[in-house]
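Work through the exercises below with the sequence and the model at hand. Each task is followed by a solution in steps.

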Amino acid sequence: MHNKEYRPTLAQLRTFVTIADNKHFGTAAAKLNISQPSLSQALSALENGIGVQLIERSTRKVIVTPIGERLLPYAKAALDATDIFVAHSRGSYGQLSGPLTLGVIPTIAPYLLPTLLPLLQQEYPELEPRIVEDRTTHLVTMLRDGRIDAALLALPSEAPGLVDIPLYQEEFVVVVPSSHQLAGRHDLTLQALEELRLLLLNDGHCLHDQIVDLCRKADLNPGEAASAVTRASSLTTIVQLVAGGLGSTLVPISAVEAECQRPGLSIATFAPGVSAERHVGLAYRASSSRAAEFTKFGGAITRAYRTAVPLRPPMN
């Protein structure tokens, strides 16, 4: 029965949110550093106080009830508001400090983080970055569920409830075997893709979709231009396949230094004015009150990219 005088505590709200996000009592208790009985007691006190069941418990899984799903955003908003209150009281509102969990797609993380993380440590020593690498679709889900704070990915995120901050445009370069007729060229058009047997990342990687879109812009059939048999889940493997003579590929320019300096490879670039690039940015929840922090964080990412990536990659 609903108690009209009842007001939930922050600990109870945090318990509900953590259980809902993790769908597991043991994991939630570990994250909150409390025992499972204490976790269950806090949740029961919250449910009894408001008079509704938020979490359905079973021996196999944890399910958020329909009313729990409707109330979850408000619980998260209350916790966010509390964090902002504390930040204001400490004079750190809008400053980059404390924990920040960043999701990064695999075609950015290994090439930008070696520059970004030292920069953040130097410029924002009170920031505690936590990195989650995953595909775009998974990051968007985690972002909307509150499991990460922001995501660095190719724009647009195209997800309701998210805000995109454009950070930089990154051009693609063509990677071919060193004996290929396009090796070392600087004047490619999109139609040059027709001459390539393209090797792509697996479906689900945004880079796969971006290359397919480039093929379409050149009026090429992506199914004909791209190999339907040989695919891989990482750029490192794709480039190794190119070195082995199995085909060619496109990579973002930030990956050139790390991936394309091995024997048997050469690269070529598109002519000036040819639009062959991706737009990279930072996405965060529209409901978040950390917009000022994310804007500042995005500026740091852009500076790291400009430091890490030359205007043009070195040619073989």
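**Exercise 1.** Between which domains does the largest pocket lie?

*Solution.* The model is a predicted one.

Step 1. Take the volume: the largest pocket has about 1,600 Å³.

Step 2. Find the centre. The lining comprises 46 residues, and the closest to the pocket centre are Asp80, Asp83, Gly146, Asp149 and Arg285.

Step 3. List the contributing elements. Two or more lining residues come from each of α1 (10–22), α2 (25–32), α4 (66–89), β3 (98–104) and α6 (136–145).

Step 4. Assign the lining to domains. Residues are supplied both by domain 1 (10–90) and by domain 2 (98–167 + 278–308), so the largest pocket lies between these two domains.

**Exercise 2.** Which element gives the most to the lining of the largest pocket, and how does this lining divide by class?

*Solution.* Step 1. The element is α4, which contributes 12 residues.

Step 2. Sorted by class, the lining of the largest pocket holds 17 charged, 17 nonpolar and 12 polar residues.

**Exercise 3.** Locate the second largest pocket relative to the domains, and describe its lining.

*Solution.* Step 1. The volume of the second largest pocket is about 510 Å³.

Step 2. Its lining has 22 residues, of which Ala154, Leu155, Pro156, Cys206 and Gln210 are the closest to the centre.

Step 3. At least two lining residues come from each of α6, α7 (206–217) and β11 (277–285). The most come from α7, with 6 residues.

Step 4. By class, the lining of the second largest pocket consists of 8 nonpolar, 8 polar and 6 charged residues.

Step 5. Because domain 2 (98–167 + 278–308) and domain 3 (171–277) both give residues to this lining, the second largest pocket lies between them.

**Exercise 4.** Is Glu133 buried, partly exposed or exposed, and which residues beyond its sequence neighbours does Glu133 contact?

*Solution.* Step 1. Place the residue: Glu133 belongs to strand β4 (residues 127–133).

Step 2. Apply the cut-offs. Buried means under 20% relative accessible area and exposed means over 50%. The relative accessible area of Glu133 is 46%, so Glu133 is partly exposed.

Step 3. Set aside neighbours within four places in sequence. The contacts of Glu133 are then Val104, Ile105, Pro106, Ala109 and Pro110.

Step 4. Compare sequence and space. Gly103 and Glu133 are separated by 30 residues in sequence, while their C-alpha atoms are 5.7 Å apart.

Terms used. Residues are numbered from 1 along each chain as its sequence is written. This is a predicted model: local features need pLDDT of at least 70, side-chain atom pairs count only at pLDDT 80 or more; totals for chains, interfaces and linings use all residues. Side-chain values use heavy atoms; hydrogens and water are left out. Helices (H or I, at least four residues) and strands (E, at least two) are DSSP runs, numbered from the N terminus. Buried means under 20% relative accessible area, exposed over 50%, partly exposed in between (1.4 Å probe, protein chains only). Contact means heavy atoms within 4.5 Å. On a 1 Å grid over the protein atoms alone, a cavity is a set of points where a 1.4 Å probe fits but cannot get out, and a pocket is an open set with protein on both sides within 12 Å along at least five of seven lines; lining residues have an atom within 4 Å of a point. Grid points are joined across faces, edges and corners, and a volume is the space filled by probe spheres set on the points. Ala, Val, Leu, Ile, Met, Phe, Trp, Tyr, Cys and Pro count as nonpolar, Asp, Glu, Lys and Arg as charged, and the others, Gly among them, as polar. Domain bounds come from an automatic or database domain assignment.
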